[in-house]
Amino acid sequence: MKDVNGVILNEKIWSLTFVKKKSLPPDRWGDCNVETKTMRVRSDLCDYNVLATAIHEMLHASSFHLLDEDWVDVTSTEIARVLLKSQLVKVNRDQGLSNRKVLTKKT
Ligand SMILES: [Zn+2]
């Protein structure tokens, strides 16, 4: 996976960065900073959760003050599930970062 700059969401320019587990609080898989226009996602999550979390943070960025957490959570996980199950996407990751633990989600 690679960081992406110039992500245009809601007419603003964001960056999507993949970070190590220790970069975020222990109970977080990602975050979305509306001030710095930065979205961060933990790179050690399983394929399903790293994709769902990236979608989750992009949904927050797209409409930060409109979408509630439950809607973002349900929608992002379902989009990730369908993208993976349909084989439309495959998550690519660097060797050594993979950690297949499934954890309780909080983003
Ligand atoms: Zn969230």
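## The first hairpin

Strand 1 and strand 2 form a hairpin with two residues between the strands, and N10 there takes a positive phi near 50°. The model is a predicted one. N10 sits in the loop between strand 1 and strand 2. Its positive phi occurs in a residue other than glycine. N10 has 11 other C-beta atoms within 10 Å, so it is exposed.

The two strands of this hairpin run antiparallel and are joined by four bridges. V4 faces L16 in strand 2.

## Overall layout

The protein chain holds two helices and four strands. Read from the N terminus, the order of elements is β-β-β-β-α-α. The chain has 107 residues, of which 28% are buried. Among contacts with a separation of 6 or more, 51% link residues 24 or more positions apart.

## The sheet

The four strands make an open sheet. Their order is 1-2-4-3, and the pairing is mixed. Strand 1 (4–9) and strand 3 (30–33) are the edge strands, each pairing on one side only. Neighbouring strands are turned against each other by 25° on average, direction ignored.

Strands of a sheet pair through backbone hydrogen bonds, in either the parallel or the antiparallel sense. Both senses occur in this mixed sheet: strand 1 and strand 2 run antiparallel, while strand 2 and strand 4 pair in the parallel sense.

## Strand 2 against strand 4

Strand 2 covers residues 12–19 and strand 4 covers residues 38–42. Five bridges support their parallel pairing. Two facing pairs can be picked out. T17 stands opposite R40 in strand 4. F18 stands opposite V41 in strand 4.

How much of strand 4 is buried? Four of its five residues are, so strand 4 is largely enclosed by the rest of the structure.

## The second hairpin

Strand 3 and strand 4 run antiparallel, with four bridges between them. G30 stands opposite V41 in strand 4. V41 also has F18 opposite.

This hairpin has four residues between the strands. Within the hairpin, K37 takes a positive phi near 55°.

## I13 in strand 2

I13 belongs to strand 2. Is this residue buried or exposed? I13 is exposed, because 10 other C-beta atoms lie within 10 Å and the cut-off for exposure is 12 or fewer.

Leaving out residues up to four places away in sequence, I13 touches G6, I8 and K37. K37 is the residue with positive phi in the hairpin of strand 3 and strand 4. I13 and A61 are 48 residues apart in sequence, yet their C-alpha atoms are 9.7 Å apart in space.

## Helix 1 on the sheet

Helix 1 packs on the sheet. It touches strand 1, strand 2, strand 3 and strand 4. The direction of helix 1 makes about 165° with that of strand 4.

## The helix pair

Helix 1 spans residues 47–62 and helix 2 spans residues 69–85. Their axes come within 8 Å and cross at roughly 135°. That angle makes helix 1 oblique to helix 2. The crossing is right-handed.

Which residues make the contact? Helix 1 supplies D47, Y48, L51, A52, I55, H56, L59 and H60. Helix 2 supplies V72, D73, T75, S76, T77, I79, A80, R81, L83 and L84. By class, the contact has ten nonpolar, five polar and three charged residues. Among the residues in contact are D47 of helix 1 as well as D73 and R81 of helix 2.

## After helix 2

Q87 lies in the segment after helix 2. Its phi is positive, about 65°, although Q87 is not a glycine. Q87 has 7 C-beta neighbours inside 10 Å and so counts as exposed.

N10 offers another case of positive phi outside glycine, with a value near 50°. N10 too is exposed. N10 lies in the loop between strand 1 and strand 2, whereas Q87 lies in the segment after helix 2.

Methods
Residues numbered from 1 in each chain as written. Predicted model: local features only at pLDDT ≥ 70, side-chain atom pairs only at ≥ 80, totals over all residues. Axes fitted to C-alpha atoms, helices over the stretch in contact; angles between N-to-C directions. Parallel < 35°, antiparallel > 145°, perpendicular 65-115°, else oblique. Left-handed = near helix turned anticlockwise from the far one by under 90°. Contact = placed C-beta atoms within 7 Å. Nonpolar A, V, L, I, M, F, W, Y, C, P; charged D, E, K, R; others polar. Pairing = 2+ DSSP bridges. Buried ≥ 20, exposed ≤ 12 C-beta atoms within 10 Å, placed from the backbone.
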